[in-house]
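Please look over the sequence and the fold shown here before reading the notes. They are written for someone who wants to follow the architecture from the sheet outwards to single residues.

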Amino acid sequence: MFLRRNSATGAVSIYGSAAMTPRGLTFIYVEYGDMERLQLELRYSLSTLLYWGRPFALDVVVYTDKPYRHADLPVRLVDISGKISEFSRDGLYHHRIKPCVLLKEMETSTNYCVMADTDTFFREGFFERLLASLRSGAVAVDRRHGRNPMPQLAGFATSLPNAGPYRYDPKLAVEYNSGLTAVDPERHLPVVQDAIAWIDAVLDHGARQLTIEQIALSECLRAHAIPIATMQPAVAHYYRVAHKRYMQWQLRRWREKDGRLFSPQPGTIPYTRLRVRWFRIFAKISTVLGRNVETQTRWR
């Protein structure tokens, strides 16, 4: 069972029980730095997570360098201000923080561990689909991208701590999007350990790419022969630039209307490709008229 604080009243109550699900779910967010858009994304993602997750035993943790920013949220907070440099290898690759945090949680948790990017939100049926996948022994991810994600690694070889000898094969290498990554600590700890080692070996090799972290997980899942389940469209992940701009514009409006006082709620922002296309036209027209509706979408 978990304790949940009501953000409106301050009351603490028991939330969920072992009878509902044999094992709980720990959802993990990472938010650090000074980008307001990431904080707003997190609030919206969390509001939909808790809305659809109400029948389930949930533990939600935010790893952050500024815990005070999330003091009003019904989450467990972990301060990583002293770990960012270590986890990112002195800023060489910031996305390395994600598997490091995931591994840290897996080492102490008996729950299924689910890492979610801030630029996600959840739809009806997500939890049932997620639990079915995890109970089958699969790792759940956002979606599949394709094969040979880093052609420059052709012939690259290293030794992974658990899987042993590894060679990048352009014909077999695959990439899945890690906007959501759900694992079972009892089964998948060696995979995440190997993914971090894979990242380090690639960085030491001199290769650079923003998505090294998710390629590492995908390749290590392949090396360990772990089945993979995709969660799209039960989870929405707006990682493309045009989609981020649209959602940032909508999130600012959501904050003024529904987001100031945090509460679990369904995803109220309409999100379709057609709406993103219309927004791009609207943004261009607004710029011509001297009204800027764009937002910053840089990572760091």
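The briefing below goes from the overall make-up to the sheet, the helices and two individual positions.

This is a predicted model, and everything that follows should be read with that in mind. The secondary structure of the protein amounts to 8 helices and 13 strands, and buried residues make up 55% of its 300 residues. Among the contacts with a separation of 6 or more, 77% are between residues 24 or more positions apart.

**The sheet and its order**

- An open sheet is formed by 7 strands in the order S5-S4-S3-S6-S11-S8-S12, and the pairing within this sheet is mixed.
- The edges are taken by strand S5 (76-79) and strand S12 (228-230), each of which pairs on one side only.
- Neighbouring strands of this sheet are turned against each other by 40° on average, with direction ignored.
- In general terms, the strands of a sheet pair through backbone hydrogen bonds, in either a parallel or an antiparallel arrangement.

**Pairings within the sheet**

- Strand S3 (residues 25-31) runs parallel to strand S4 (residues 58-64), and 7 bridges join the two; one position to look at is Phe27, whose bridge partner in S4 is Val60.
- Strand S6 (residues 112-116) pairs with S11 in the antiparallel sense over 4 bridges, and Val114 stands opposite Ala182 in S11.
- Strand S8 (residues 139-147) also pairs with S11 in the antiparallel sense, here over 6 bridges, with Val141 standing opposite Thr181 in S11.
- S8 and S12 run parallel and are joined by 3 bridges, and the bridge partner of Val139 in S12 is Ile228.

**Buried strands**

- Of the 7 residues of S3, 7 are buried, so this strand is largely enclosed by the rest of the structure.
- Both faces of S3 are covered, since Leu25, Phe27, Tyr29 and Glu31 on one side and Thr26, Ile28 and Val30 on the other are all buried.
- Strand S11 (residues 174-183) is likewise mostly covered, with 10 of its 10 residues buried.

**Helices lying on the sheet**

- Helix H1 (residues 36-52) lies across S3 and S4, and the direction of H1 is at about 165° to S3.
- H4 packs on the sheet as well, where it touches S3, S4, S6, S8, S11 and S12, and the direction of H4 makes about 105° with that of S3.

**The packing of H3 against H5**

- Two packed helices are described by the angle between their axes and by the distance between the axes.
- Helix H3 (residues 97-106) and helix H5 (residues 185-205) pack at an angle of about 150°, with their axes 10 Å apart; that angle makes H3 roughly antiparallel to H5.
- The crossing in which H3 passes H5 is left-handed.
- From H3, the residues Pro99, Cys100, Leu102, Leu103 and Met106 meet Pro185, His188, Leu189, Val192, Gln193, Ile196 and Ile199 of H5, and by class this contact has 10 nonpolar, 2 polar and no charged residues.
- Burial is extensive in H3, where 9 of the 10 residues are buried, so H3 is largely enclosed by the rest of the structure.
- The buried residues of H3 are Ile97, Lys98, Pro99, Cys100, Val101, Leu102, Leu103, Glu105 and Met106, a list that includes the charged residues Lys98 and Glu105.

**Arg96, beside H3 in sequence**

- Which loop holds Arg96? Arg96 is found in the loop between helix H2 (84-87) and H3.
- Arg96 is buried because its relative accessible area is 10%, which falls under the 20% cut-off for that class.
- Leaving out residues up to four places away in sequence, Arg96 touches Glu86, Phe87, Arg89, Ile196, Ile199 and Asp200.
- Arg96 and Ile199 are 103 residues apart along the chain, while their C-alpha atoms are separated by 7.4 Å.

**Ser133 in H4**

- Ser133 lies in helix H4 (residues 126-135) and is buried, with a relative accessible area of 11%.
- With residues up to four places away in sequence not counted, Ser133 touches Ala138, Ala229 and Met231.
- The C-alpha atoms of Ser133 and Ala182 are separated by 9.2 Å, although the two residues are 49 apart along the chain.

Technical notes:
Residues numbered from 1 in each chain as written. Predicted model: local features only at pLDDT ≥ 70, side-chain atom pairs only at ≥ 80, totals over all residues. Heavy atoms only, no water. Axes fitted to C-alpha atoms, helices over the stretch in contact; angles between N-to-C directions. Parallel < 35°, antiparallel > 145°, perpendicular 65-115°, else oblique. Left-handed = near helix turned anticlockwise from the far one by under 90°. Contact = heavy atoms within 4.5 Å. Buried < 20%, exposed > 50% of the residue type's maximum accessible area, 1.4 Å probe, protein only. Pairing = 2+ DSSP bridges.
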